[in-house]
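User: Could you take a close look at a single part of this structure for me, the interface? I would like the cut-offs spelled out as you go, please.

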Amino acid sequence: MTQDSQGESPVRAGWPLYEVFVRGKRGLNHVHVGSLHAADDQMAVRHARDLYTRRNEGVSIWVVRAAHIVATSPDERDPFFAPSGDKVYRHPTFYAIPDGVPHM
Amino acid sequence: MTATELATTELQRHFERTIEHDQRIEPRDWMPEGYRKTMIRQISQHAHSEIIGMQPEGHWITRAPSLRRKAILLAKVQDEAGHGLYLYSAAETLGAERTDLTDRLISGAQKYSSIFNYPALTFADVGVIGWLVDGAAICNQVPLCRSSYGPYARAMIRICKEESFHQRQGFELLLTMMRGTSAQRDMVQEATNRWWWPALMMFGPPDADSPNTAQSMAWKVKRHTNDELRQRFVDMSVPQADALGVTLPDPWLAWNAERGHYDFGELDWAEFKQVLAGNGPCNADRIAHRRAARDNGAWVREAAAAYAAKHAEGQGR
Ligand SMILES: [Fe+2]
Ligand SMILES: [Fe+2]
């Protein structure tokens with residue numbers, strides 16, 4: 001294969017980006033740990049094992065193409081989250097209970 | 001002020017408040033272009049250092065003196081590859097392209113740590129690299145676990161957990177050699193002499209010559225100045241050298257009770273600049289090796305991509 005003098009590779013294999021989620025141990029949720037590139041799903045799982053669980057950090061791995069993730073807008077003050085903003089009565093501390101009442 | 005300018009000022013203020021409150025900036029947040037550029041540069045150059053850092057020790061894997069040492073060295077070098085990958089992954093969250101970054105390393109458009117342009121001449125150098133080079137890296141990296149950029153800080157937490165093994169295996173290797181023959185002890189001393197000053201240079205130029213430090217501290221992407229970290233490293237290393245029984249090659253090294261720190265000699269900044277400019281003992285070798293790895297691996301990447309495409313077709317996806 002030929003290379004130009006700039007060191008640019010003429011071939012871009014274009015392996016897609018995968019996001020990786022690892023379950024640390026039984027009883028815990030899968031947690032996002034980072035991303036990697038792989039040619040296909042099976043390779044993504046293998047690379048995820050080699051990259052993110054070299055020291056028994058996981059008992060289960062999920063990988064998903066980054067392009068397939070649907071997310072909310074990045075703005076923390078997004079009106080999307082407004083419906084839960086004014087419902088203080090959903091929290092236990094909203095209710096005043098006399099000190100003497102046990103087990104509440 | 002136009003409406004867009006007003007909106008930008010508002011975004012800028014929100015960004016600054018987030019940093020003031022010691023909260024993290026996350027990938028899709030608005031951030032000033034300067035911050036994005038600085039982070040891409042810092043993270044990718046850090047990634048390049050991890051990848052190039054595999055080479056000085058990597059050459060010793062086939063010549064390790066026992067199966068135990070070989071397994072340890074293999075695991076250590078594999079970790080460094082992993083560190084590079086965590087960091088490239090963090091850089092990509094800022095919109096950088098991985099192949100673009102690795103090409104910039106090879107073309108020389110981006111730098112990596114000057115330390116990896118020195119050769120590992122003997123197996124004692126492998127031990128000294130673990131002790132001093134990984135030791136200095138730990139000093140640099142622990143504060144970066146609190147970097148204001150979330151993905152970078154999280155990558156640094158993973159990396160720091162793994163670095164501790166790197167330093168300890170190196171120190172243990174040296175201890176073993178120091179309990180050996182006088183020739184082995186000489187090897188350890190000579191390797192220490194070779195690596196001590198380059199290790200101190202890993203913290204970068206003196207504060208007076210580090211114009212970007214103030215901005216980086218304000219953005220909390222840097223938590224201590226170069227000289228502060230260098231001093232911390234010297235103070236940590238002196239008792240370690242004593243425990244090992246080697247002499248650090250600096251006649252000016254002395255405890256200063258008034259400062260509560262060790263004084264040490266002036267670094268050879270001319271040498272530092274030469275190595276950074278590409279004229280260190282191994283700069284050309286390191287890049288040539290990296291370029292060969294990329295080019296020789298091209299057919300594997302292409303074959304895997306072709307297989308994946310064919311397989312996807314077959315499944316009617
Ligand atoms: Fe590392
Ligand atoms: Fe390391």
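Analyst: Happy to! A contact here means heavy atoms within 4.5 Å. By that rule, 31 residues of chain A touch 31 residues of chain B. Please keep in mind that this is a predicted model, in which local features need pLDDT of at least 70 and side-chain atom pairs count only at pLDDT 80 or more, while totals for chains, interfaces and linings use all residues. Residues are numbered from 1 along each chain as its sequence is written, chains are lettered from A and ligands numbered from 1 in the order in which they are written, and side-chain values use heavy atoms, with hydrogens and water left out.

Let's begin with the interface as a whole. Chain A and chain B bury about 2500 Å² between them, and carbon and sulfur atoms give 46% of that area (the accessible area, with a 1.4 Å probe, that the two parts lose on being put together, summed over both). The rule finds 4 salt bridges across this interface, a salt bridge being a side-chain nitrogen of Lys or Arg within 4 Å of a carboxyl oxygen of Asp or Glu. There are also 11 residue pairs in polar contact between chain A and chain B, both residues at pLDDT 80 or more (N or O atoms within 3.5 Å; within protein, one able to donate a hydrogen and the other to accept it, with sequence neighbours counted only if both atoms are side-chain atoms). On the side of chain A that touches chain B, β2 (30–37) and α1 each supply at least two residues. The largest share of that side, 5 residues, belongs to β2(A).

What does chain A itself look like? Chain A has 1 helix and 3 strands, in the order β-β-α-β from the N terminus (DSSP runs numbered from the N terminus: helices are H or I of at least four residues, strands E of at least two). Of its 104 residues, 20% count as buried (under 20% relative accessible area; exposed is over 50% and partly exposed in between, with a 1.4 Å probe and protein chains only).

Now for the charged pairs that cross over. Arg54(A) and Glu162(B) form a salt bridge whose closest N and O atoms are 2.9 Å apart. This pair runs from the loop between α1 and β3 of chain A, where Arg54(A) sits, to helix α7 of chain B, which holds Glu162(B). Arg54(A) is partly exposed at 22% relative accessibility, whereas Glu162(B) is buried at 4%. A second crossing pair brings together the side chains of Arg55(A) and Asp79(B), at 2.4 Å from N to O. Asn56(A) is placed in the loop between α1 (41–52) and β3 (60–65) of chain A. Its phi is near 55°, a positive value in a residue other than glycine, and at 74% relative accessibility Asn56(A) is exposed.

On the chain B side, let's follow helix α4. The side chains of Glu80(B) and Lys76(B) meet in a salt bridge at 3.4 Å, N to O; both lie in helix α4 of chain B, 4 residues apart, about one turn of the helix. Glu80(B) is buried at 6% relative accessibility. Sharing of salt-bridge partners joins Arg54(A), Arg55(A), Asp79(B) and Glu162(B) into one network. Lys76(B), buried at 1%, also pairs with Glu57(B), with closest N and O atoms 2.8 Å apart. Glu57(B) belongs to helix α3 (residues 54–58) and Lys76(B) to helix α4 (residues 67–92), so this bridge ties together parts of chain B that are 19 residues apart in sequence.

Glu80(B) leads on to the metals: it coordinates both iron ions, ligand 2 and ligand 1, which are 3.3 Å apart. The protein donors of the iron ion (ligand 2) are Glu80(B) (OE), Asp134(B) (OD), Glu163(B) (OE) and His166(B) (ND1), lying 2.0 to 2.2 Å from it. Donors are N, O and S atoms within 2.8 Å of the metal (3.2 Å for Na, K and Ca), and water is not among the atoms, so sites may look incomplete. The angles between the 4 donor atoms of ligand 2 span 85 to 169°, which makes the arrangement irregular: four donors are tetrahedral if all angles lie between 85 and 135 degrees; four are square planar and six octahedral if opposite donors are over 155 degrees apart and all others between 65 and 115; anything else is irregular. Among these donors, Asp134(B) and Glu163(B) are both buried.
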